[in-house]
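This briefing introduces a single protein chain to a reader who has not met it before. It starts with one term, then moves from the chain as a whole to its helix pairs, its core and one surface residue.

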Amino acid sequence: MDFEKEHRLEERAARRAQDLDDLHNEMAGRGVGRINRFFGEASAPRTEREKHKVKREMQLTNLQALLMNDPEYAQLFRETETKLRQAQNRLDVALETIQAERARIEEALLGKNLSDEQRRDEKEKLEALIELEDDIRAGQAEIGEMQERMDDQRGPTSEDSMHDFTDRTDDIVTDIKDRLSEITEDAKPETSLESKGPVAGVAIPEL
């Protein structure tokens, strides 16, 4: 997943959580939250009348209001956000594994220690890894779209959609895990260059 895009999504989630905390503080009369943070200590409203006026002007987004007023929705929302974030991390691990295995195969193919059959098998495995890498990036992009949809402040994601996101994410991660395992499970030491010594089978990451 694009690092800058992932970082922006994480920043938005953290900012949303901070906004909710500040709003709770202000509504409870603790003047250390949103009003002071956005207006600054010097320009913060001083009188109760001024504070009430600012509070009226502070309009919650549809998403913020739903998260504050519906505990069940808020819990599902947090669980879905976590699920999507963890899926992206697991796909990142899978990409690292693929890239390491590709490097091993490409190095082996440059040598002269492979039989014709081994060389053919390694080329087929390399093609499968390249295809899988493309599918992982497509999966990350799809999950990234789900994360952006979850961040829609005006049109909160429905509970049904969040369940769909979770199911689809599970399908993506499971498919990648199974295919990666199938491709790499038969990696054998004898396919590597002798000058590099024995190479153990590739460890499959826990996705």
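A crossing of two helices is called left-handed if the near helix is turned anticlockwise from the far one by less than a right angle, and right-handed if it is turned clockwise. In this predicted model, the crossing of α5 and α7 is left-handed, and α6 likewise passes α7 in a left-handed crossing.

**The chain as a whole**

- The chain contains seven helices and zero strands, so that the pattern read along the sequence is α-α-α-α-α-α-α.
- Of its 207 residues, 36% count as buried, while the accessible surface comes to about 12500 Å², with 47% of that area belonging to carbon and sulfur atoms.
- Among the contacts with a separation of 6 or more, 69% are made by residues that lie 24 or more positions apart.

**How the helices pack**

- The axes of α5 and α7 are 10 Å apart and the two helices pack at an angle of about 20 degrees, which makes α5 roughly parallel to α7, since angles under 35 degrees count as roughly parallel.
- On the α5 side, the residues making this contact include Y73, L76, F77, T80, K83 and L84, and on the α7 side they include E159, M162, H163, F165, T166 and T169.
- Further along the same contact, α5 also contributes A87, L91, A94, T97, I98 and E101, whereas α7 also contributes D170, I172, V173, I176, L180 and T184.
- The axes of α6 and α7 come within 10 Å and cross at roughly 165 degrees, and because angles over 145 degrees count as roughly antiparallel, α6 is roughly antiparallel to α7.
- The axes of α4 and α5 are 5 Å apart, and these helices pack at an angle of about 110 degrees, which makes α4 roughly perpendicular to α5, as the range for that description runs from 65 to 115 degrees.
- Where α4 and α5 meet, L63, L66, L67 and N69 belong to α4, and P71, Y73, A74 and F77 belong to α5.

**The nonpolar core**

- In soluble globular proteins, nonpolar side chains tend to be buried together.
- The largest nonpolar core of this chain has 30 residues, and the members that touch the most other members are F77, L132 and I136.
- Two or more residues of this core are given by each of α4 (62-69), α5 (71-110), α6 (116-150) and α7 (159-184), and the largest share, 13 residues, comes from α5.
- F77 therefore appears in several places in this account, as it is one of the core residues touching the most other members, and it takes part in the contact of α5 with α4 and in that of α5 with α7.

**A residue at the surface**

- E96 lies in helix α5, and with a relative accessibility of 52% it counts as exposed, because the cut-off for that term is over 50%.
- Although E96 and E133 are 37 residues apart along the chain, their C-alpha atoms are separated by 9.7 Å.

Definitions and conventions: Residues are numbered from 1 along each chain as its sequence is written. This is a predicted model: local features need pLDDT of at least 70, side-chain atom pairs count only at pLDDT 80 or more; totals for chains, interfaces and linings use all residues. Side-chain values use heavy atoms; hydrogens and water are left out. A nonpolar core is a set of buried Ala, Val, Leu, Ile, Met, Phe, Trp, Tyr and Cys residues joined through side-chain atoms within 4.5 Å. Buried means under 20% relative accessible area, exposed over 50%, partly exposed in between (1.4 Å probe, protein chains only). Helices (H or I, at least four residues) and strands (E, at least two) are DSSP runs, numbered from the N terminus. Contact means heavy atoms within 4.5 Å. Accessible areas come from the Shrake-Rupley method with a 1.4 Å probe; for residues, only the protein chains shown count as cover. Axes are lines fitted to C-alpha atoms, for helices over the stretch in contact, and angles run from 0 to 180 degrees between N-to-C directions.
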